[in-house]
Amino acid sequence: MEQSVTSKTKIKICGLSRIEDISVANQLLPDFIGFVFWDKSKRNVTKEQAADLKRYLDKKIRAVGVFVDVDIDFIADLVSYGIIDVAQLHGSENEEYIKRLRDKIANTSNINTCRIIKAFNINHMNSLDEAENSSADYIMLDSGKGSGVTFDWSVLSGLTRPYFLAGGLSPDNVGEVIKTLHPYAVDVSSGVETDGVKDADKMRRFVENTL
């Protein structure tokens with residue numbers, strides 16, 4: 001999965017939990033939206049809620065399920081029902097976990113093209129080698145589980161693999177970040193919220209400022 005620096009950076013808007021959020025996303029057409037399946041998050045949704053939201057989502061947008069050390073069967077179930085198209089692993093999932101997840105999806109679902117994103121907390125890594133060598137389809141560099149806090153992005157200068165960038169992105173800084181780092185994709189959640197709720201104007205400005 002190669003990306004030249006002239007390629008358009010992809011957009012992921014994460015933590016959608018209301019039909020209003022889906023309506024705005026359908027207008028803006030980001031490449032990905034995210035449903036959070038983690039009960040410690042204020043953006044947590046159930047399987048039933050996500051299924052309802054996915055029905056209204058424009059088919060050009062891929063739905064990402066965000067998980068933290070969950071049972072593999074739960075992810076495979078969401079994939080088999082077409083609720084998610086991509087699985088984002090945001091916990092301590094290792095290479096064995098990724099392999100078992102791939103095998104489970106391939107054996108239990110007709111939808112065996114589900115991609116896997118492995119998120120890495122930049123503050124807990126001794127080097128970028130772990131991310132570089134991950135068998136996941138995509139990697140994400142973040143400062144925590146939806147913390148909304150930036151990190152020293154200059155540490156990514158040695159990374160050769162395309163990556164999702166998350167943590168502290170907003171409509172005000174995303175344009176400069178893309179110009180400087182050329183990430184494969186940018187991922188935003190709290191940066192497009194007001195009082196903990198997705199803000200349609202901020203979502204629009206974020207997408208506009210990636211162009």
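Analyst: Contact here means heavy atoms within 4.5 Å. This is a predicted model, where local features need pLDDT of at least 70 and side-chain atom pairs count only at pLDDT 80 or more, while totals for chains, interfaces and linings use all residues. Residues are numbered from 1 along each chain as its sequence is written, and side-chain values use heavy atoms, with hydrogens and water left out.

User: Glad to start! Which elements are included in what covers the buried residues of α2?

Analyst: Helices (H or I, at least four residues) and strands (E, at least two) are DSSP runs, numbered from the N terminus. A residue is buried under 20% relative accessible area, exposed over 50% and partly exposed in between, using a 1.4 Å probe on protein chains only. In α2, the buried residues are A50, A51, L53 and K54. Their cover includes α1 (19–28), β2 (32–36) and β3 (62–67).

User: Staying with α2, how many residues apart are R55 and D52?

Analyst: R55 makes a salt bridge (a side-chain nitrogen of Lys or Arg within 4 Å of a carboxyl oxygen of Asp or Glu) with D52, and their closest N and O atoms are 2.1 Å apart. R55 is exposed at 61% relative accessibility, whereas D52 is partly exposed at 37%. Both sit in helix α2 (residues 47–56), at a spacing of about one turn of the helix, that is, three residues.

User: Which salt-bridge partner does K104 have?

Analyst: Side chains of opposite charge can pair when their charged atoms come close. For K104, the closest N and O atoms of the pair are 3.1 Å apart, and the partner is D73. This pair links distant parts of the chain, 31 residues apart, with K104 in helix α4 (residues 95–108) and D73 in helix α3 (residues 72–80). K104 is partly exposed at 29%, and at 42% so is its partner, D73.

User: And K99, is it buried or exposed?

Analyst: K99 has a salt bridge with D103, with 3.0 Å between the closest N and O atoms. Both lie in helix α4, four residues apart, about one turn of the helix. D103 is partly exposed, at 36%. K99, with a relative accessible area of 53%, is exposed.

User: How many salt bridges does the structure hold?

Analyst: Some are joined up: R18, E20 and D21 are linked in a network of salt bridges. For the structure, the count is 16.

User: Let's go to helix α3. Which residues does L78 touch, not counting those up to four places away in sequence?

Analyst: L78 lies in helix α3 and is buried, at 0% relative accessibility. Its C-alpha atom is 8.7 Å from that of A51, 27 residues away along the chain. With residues up to four places away set aside, L78 touches F37, K47, F67, I83 and I84.

User: F67 again! What kind of aromatic pair do F67 and F74 form?

Analyst: Rings of Phe, Tyr and Trp (its six-membered ring) pair if their centres lie within 6.5 Å; planes under 30 degrees apart are stacked, over 60 edge-to-face and the rest tilted. Seven such pairs turn up in the whole structure. The rings of F67 and F74 are 6.1 Å apart centre to centre, with 85 degrees between the planes, so the pair is edge-to-face.

User: How do F67 and F74 compare in burial, and what relative accessible area does F74 have?

Analyst: F67 is buried, with a relative accessible area of 0%. F74 is partly exposed, at 30%.

User: Which element gives the largest share of the largest nonpolar core?

Analyst: A nonpolar core is a set of buried Ala, Val, Leu, Ile, Met, Phe, Trp, Tyr and Cys residues joined through side-chain atoms within 4.5 Å. The largest has 57 residues, and F35, I75, L101 and L141 have the most contacts inside it. Its largest share, five residues, comes from α3.

User: Last one: why is there no disulfide between C14 and C114, and how far apart are their sulfur atoms?

Analyst: A disulfide is a covalent bond between the sulfur atoms of two cysteines. The cut-off here is 2.5 Å between the sulfur atoms, and the search finds zero disulfides. C14 is buried at 8%, and C114 is buried at 7%. The closest cysteine sulfur to that of C14 is in C114, too far for a bond because the separation is 15 Å.
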